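Let's take a look at a pocket, a hairpin and some charged pairs. Have the structure open while you read.

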Amino acid sequence: FAAAQRKEVYVYDKRGLEVHRMRDHKDVEKLCFLPNHFLLSSIGMQGVLRYQDTSTGEIVAQHRTKLGPCKAMCLNSYNGVVLCGHAGGTATMWSPNMTTPLVKMLCHRGPVNSLAVDQSGRYLVTVGTDKQMKVWDVRTFKLLHAYFCSAPAKSVEISQRGLVGISWGSRVQVWKDALQTKASAPYMNHQQSSGHIRQIRFCPYEDVVGIGHEGGFSSILVPGAGEPNYDSFVASPYQTRRERREHEVHSLLDKLQPDTIVLDPQSVGNIKLDPKQVVAQKKEQQRA
């Protein structure tokens, strides 16, 4: 696991021993791992987005966002695009192949505190200091729904079944069926008694949400949050040590190149057709 500390990023093994020290990553606030590409992306107070290949140890790309410090970042697992939320209220989508953002959206009237994308890659949820939670359509980049929070939310997360969890202060709120349609009331409310909450995360394949707060770590049950039918080729909760080791080798052999990170992954491998004018000219030449 990788830990972003004050000066640099450190990588530790399962025993807690320091394995690597990444000197190029300075003042990092957020880390994000791309499992299909074996890339570790980081961004922080300098506003520089870096991609480092964890299999070779090389810096793949380094982009200057020019949007100031960034404290919100997430991954769109559908296409491998990294999303960043900035202090000016904008959310940007990045690929290691381009030095400019693929998409730049104005989401809030204040800094973006957190953002999350569902597994299908269709819906984006953002929360900001303007006390609002907004649901966006990633395909059309339009606002679908907006929810009001009693205080600026600090963390947002989407479960495998589409449940949206947000936290502010010492409260956790879970919304059900809030992406496709406008929900009228929250699904669950939880009051934490151990100080302010920093971050929440849903546990995959389990109806559990983890809460990281000032007093440590807690977990609560959220019925219907996890996916009950798992695909053993993607992730198996009952893996043995040998199967887990072989899965890591197979995933490394199937590693995708950074060039395949685009907004529409279906376009990779397709043939680019000629424009209509060129097709018409070719037909006229053939007739002549």
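Which strand gives the largest share of the lining of the second largest pocket? In this predicted model, that is strand 4, with 3 residues. Strand 4 (28–34) has company, though: strand 3 (18–22) and strand 6 (48–53) also supply at least two lining residues each. The pocket itself has a volume of about 290 Å³. Around its wall you'll find A2, V11, H20, M22, L31, C32, F33, L40, Q52, D53, T54 and G57. By type, that lining splits into 7 nonpolar, 4 polar and 1 charged.

Now for two elements with opposite surroundings. Strand 12 (residues 112–117) is mostly covered, with 6 of its 6 residues buried. Helix 2 (residues 276–287) is hardly covered, and the count of buried residues among its 12 residues is 0. From first C-alpha to last, helix 2 reaches 17 Å, close to the 16 Å expected at 1.5 Å a residue.

Back to strand 12, which pairs with strand 13 (residues 123–128) in the antiparallel sense over 5 bridges. Across that pairing, V117 sits opposite L124 of strand 13. The hairpin has 5 residues between the two strands, and G121 takes a positive phi near 75° there.

On to the charges: a search of the whole structure turns up 9 salt bridges. Here are three of them.

| Pair | Closest N to O | Accessibility of each partner |
|---|---|---|
| D137 and R139 | 3.4 Å | D137 10% (buried); R139 52% (exposed) |
| R201 and E157 | 3.1 Å | R201 38% (partly exposed); E157 17% (buried) |
| R198 and E214 | 3.1 Å | R198 56% (exposed); E214 49% (partly exposed) |

Why does D137 count as buried while its partner R139 counts as exposed? The cut-offs are under 20% for buried and over 50% for exposed, so D137 at 10% is buried and R139 at 52% is exposed.

What does the salt bridge between R201 and E157 link? It joins distant parts of the chain: R201 is in strand 20 (residues 197–202) and E157 is in strand 16 (residues 155–158), 44 residues apart. The side chains of R198 and E214 also meet in a salt bridge. That pair links R198 in strand 20 with E214 in the loop between strand 21 (208–213) and strand 22 (216–221), 16 residues apart. Finally, there is a network: salt bridges that share partners join E8, R21, R23 and K26 into one.

Methods: Residues numbered from 1 in each chain as written. Predicted model: local features only at pLDDT ≥ 70, side-chain atom pairs only at ≥ 80, totals over all residues. Heavy atoms only, no water. 1 Å grid on protein atoms, 1.4 Å probe; cavity = no way out; pocket = protein on both sides within 12 Å on 5 of 7 lines; lining within 4 Å. Points joined across faces, edges and corners; volume = space filled by probe spheres on them. Helix = DSSP H or I, 4+ residues; strand = E, 2+ residues; numbered from the N terminus. Nonpolar A, V, L, I, M, F, W, Y, C, P; charged D, E, K, R; others polar. Expected span 1.5 Å × (residues − 1). Buried < 20%, exposed > 50% of the residue type's maximum accessible area, 1.4 Å probe, protein only. Pairing = 2+ DSSP bridges. Salt bridge = Lys/Arg side-chain N within 4 Å of Asp/Glu carboxyl O.
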